[in-house]
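Please examine the sequence and the coordinates shown below. The paragraphs that follow lead through the strands, the helices, the domains and the contact between chains.

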Amino acid sequence: MTPLISPWLPAEAGGGVPVLPVEAAGTFWWLWLIIALPALGATLLLLGGRLTNPWGHLLGTAMSAGSFGVALVMFVALLGRSEEERQVRQQLWTWLDVGDYTVDMSLLFDPLSAVFVLLITGVGTLIHIYSIGYMAHDERRGRFFAYLNLFVVAMLVLVLADDYLAVFLGWEGVGLASYLLIGFWAHKQSAAVAAKKAFVVNRVGDVGMSLAVMTMVATFSTSSFVGVSAGMPEASSGTSTALGLLLLLAACGKSAQVPLQSWLLDAMEGPTPVSALIHAATMVTAGVYLIVRSNYVYAETPVAQVAVMAVGLVTLLFGAVIGCAKDDIKKALAGSTMSQIGYMTLAAGIGPAGYAFAIFHLLTHGFFKANMFLGAGSVMHAMDDDVDMRHYGALSRAMPITFLTFAAGYLAIIGFPGFAGFWSKDKIIEAAFAEGWVFGVGALLGAGVTAFYMTRVMLMTFISKKRWRSGVHPHESPSVMTVPLVVLGALSAVGGVLLLGGWITGWLEPVTGPEGEHELFVSPFILTSLVTLVVLAGVVVAWLVFGRGELAGTAPQRVSWVTRAARNDLYGDAFNEAVFMRPGQHLVRGLVYLDDTIIDGVVNGVAALVGGSSGQVRRAQTGFVRSYALTMLGGALVAVLATLAVTLA
Amino acid sequence: MNPGAYITLSALLFSIGAVGVLVRRNAIVVFMSVELMLNACNLALVTFAKQTGDLSGQVAAFFVMVVAAAEVVVGLAIIMSIFRTRRSASVDDASLLKY
């Protein structure tokens, strides 16, 4: 093995332990199996086509579960190592070798990718199990599991790769899987359009990612984590800022952050397990992963850091406001997802003081949001695939398990003391206050709004009076669906234990650097109480508005402009249409006109000129032999005279 | 010998033939004029061969004669068939193959 010099932390960023990735040996030799198992499942299911329908779901679930098993073993093995050896690298093969630019296809298993692998395979397996019940009546169930496995493969490549180009491979892979799964019911026009929209908006972010990789190759002649982290301290400030902003653009696209947020709400057209796995727990957090992974880039560029924080802050309020007005249960949860990822982005922008909390919130969010999406799927299952919360109400008795697990997720997301979200969100708000008043107050406000809209969802779905449409008979879902709910519900409740004794910050320290000190203007206890009070206020307001009295069975039309704006996704689509789509359309029309008139005009003009002149020249062919003979004689004379002129001259 | 006289005769015969091809309408006469031009060329070839003492000119003349004979066979056949169908041996009448 070539000796790797890997200063994961720039020396001036606070020391820390410079960790060298060690070659995978022993238990870690099986690292490739984590990706290979779901890859095998996806290949078999895709090649098998309809033949796999009777048993495809079992194969897909088994492969995902097997991958989780291997990941768990790896994680325990990693736990058993000393902190200096907690970066394991397995070289698979050399992917590209062009001149002095080499890309290795190798896997990096370190504390950061380890928690991601566990989240992806763990939550992924639960969602596979849930899907067995949810997709039971779908005639393309085998294909659905093939796509799910494909997604797991791509996501694992994304988090295990140790080179930005290989990350890009997984990055595009999850985009493809997301596209295929959003449009899984492509016979619905809305699903097909939503899939295309997600794909197109993601391309904008991918431009940022590919430009970032190109910048790295141009600057450092390498795109590996090791090479880039080693080169960053010497890079010019312009390069660092460009890299930071380009990576932020990439993260915005994948994580549905403002201004590339518009695709996520439409992505809810996909089957609900897809929304839970891809558009809540894992894929949309890839942007946060990218930023945390690239901490050595952001350490060099305060400008990009502020941009990351600003994007996070705007998105967390943006998503929360949208979540308040949606009657579609999945869209309300999607707005909430945007908002929660905004929290993570905000934390990631704060720097070493926030990275660990971003990942911590990402994990707890993965638990409680997947739990709530699956709960929403369970409710939809019971209500004949109706997603309108105004047609729900009083479901707590009809579906007690769904209700209880959903309630666990609810308490976690609003930050009820003791539940997972309480610990993670509280830490982010604390770090935000230490960073600046604006960020702190924004995050605090977001927590209040979160409490409001989640209480609204809770009241409209489970508590208030029944508003069921006729012919709907809600019933609890089969146990294949409720067991994953119970597991995720339990994790939502107790996920906070990861913070015990500062475990998560210590665990991630080899990657993100030491947490660093931050000064708070008040004691953390007072701040926590303040957060809890704001949350309580949100809950009470929601109860006052939605908990008492009758709720309309259809959405009221006479509403304030705020509600109207939120119902229209705060005019995100209108903005895109007015600023990008229409001018683009005009530009294209202009170019088409230019093409039709000028380019085609020149080409057609030349052709017409040749055609016309040849029409005239053709007249010389009179058919009279004697005129031909005269022409020949003339020609011969000219030739002779020319020869004479040349010889005599 | 004085090649000047031969060459002058050759040029004269060629010019007569060329003018005949250009001005006469009857296909047979045009044909005869072509033969005249060919033979004018033969005369020039033989003259130059004699002058330079090189046999290739003489050989070329023989080739021209062979070609002329073959040409007469084909040409006369064409003229005959045109005359049979159109009752005319005028070259200007056979002008259908044009733009």
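In what order do the 3 strands of the open sheet of chain A lie? The order is S1-S2-S3, and the pairing is mixed. The model under discussion is a predicted one. Strand S1 (22-23) and strand S3 (101-109) of chain A form the edges of the sheet, each pairing on one side only. Strand S2, residues 88-98 of chain A, runs antiparallel to S3(A), and 9 bridges join the two. For orientation along this pair, Thr94(A) may be located opposite Asp104(A), which belongs to S3(A).

The remainder of the description turns to the chain as a whole. Chain A contains 25 helices in addition to its 3 strands. The C-alpha trace of chain A extends over about 115 × 70 × 55 Å along its principal axes. Chain A has 649 residues, of which 53% count as buried. When contacts in chain A between residues at least 6 apart in sequence are considered, 81% of them link residues at least 24 apart.

One helix merits separate attention. Why can helix H10 (residues 272-281) of chain A be described as largely enclosed by the rest of the structure? The description holds because 10 of the 10 residues of this helix are buried, a residue being counted as buried if 20 or more other C-beta atoms lie within 10 Å of its own. The buried residues of H10(A) include Val274(A), Leu277(A) and Ile278(A), together with Ser275(A) and His279(A). Several helices of chain A supply the surroundings: the buried residues of H10(A) pack against helix H3 (111-134), helix H4 (141-160) and helix H5 (164-182), and also against helix H9 (262-266), helix H14 (329-350) and helix H15 (352-382).

A further view is offered by the domain assignment of chain A, which gives domain 1 (301-567), domain 2 (570-618) and domain 3 (625-649). Taken over C-alpha atoms, the centres of domain 1 and domain 2 of chain A are separated by 50 Å.

Finally, the contact between chains may be considered. On one side, 11 residues of chain A participate, and they are in contact with 10 residues of chain B. Which helix of chain A contributes the largest share of the side that touches chain B? Helix H25 (residues 625-648) of chain A does, with 5 residues. By residue class, the side of chain A that touches chain B comprises 5 nonpolar, 3 polar and 3 charged residues.

Key
Residues numbered from 1 in each chain as written. Chains lettered and ligands numbered in written order. Predicted model: local features only at pLDDT ≥ 70, side-chain atom pairs only at ≥ 80, totals over all residues. Helix = DSSP H or I, 4+ residues; strand = E, 2+ residues; numbered from the N terminus. Buried ≥ 20, exposed ≤ 12 C-beta atoms within 10 Å, placed from the backbone. Contact = placed C-beta atoms within 7 Å. Pairing = 2+ DSSP bridges. Nonpolar A, V, L, I, M, F, W, Y, C, P; charged D, E, K, R; others polar. Domains from an automatic or database assignment.
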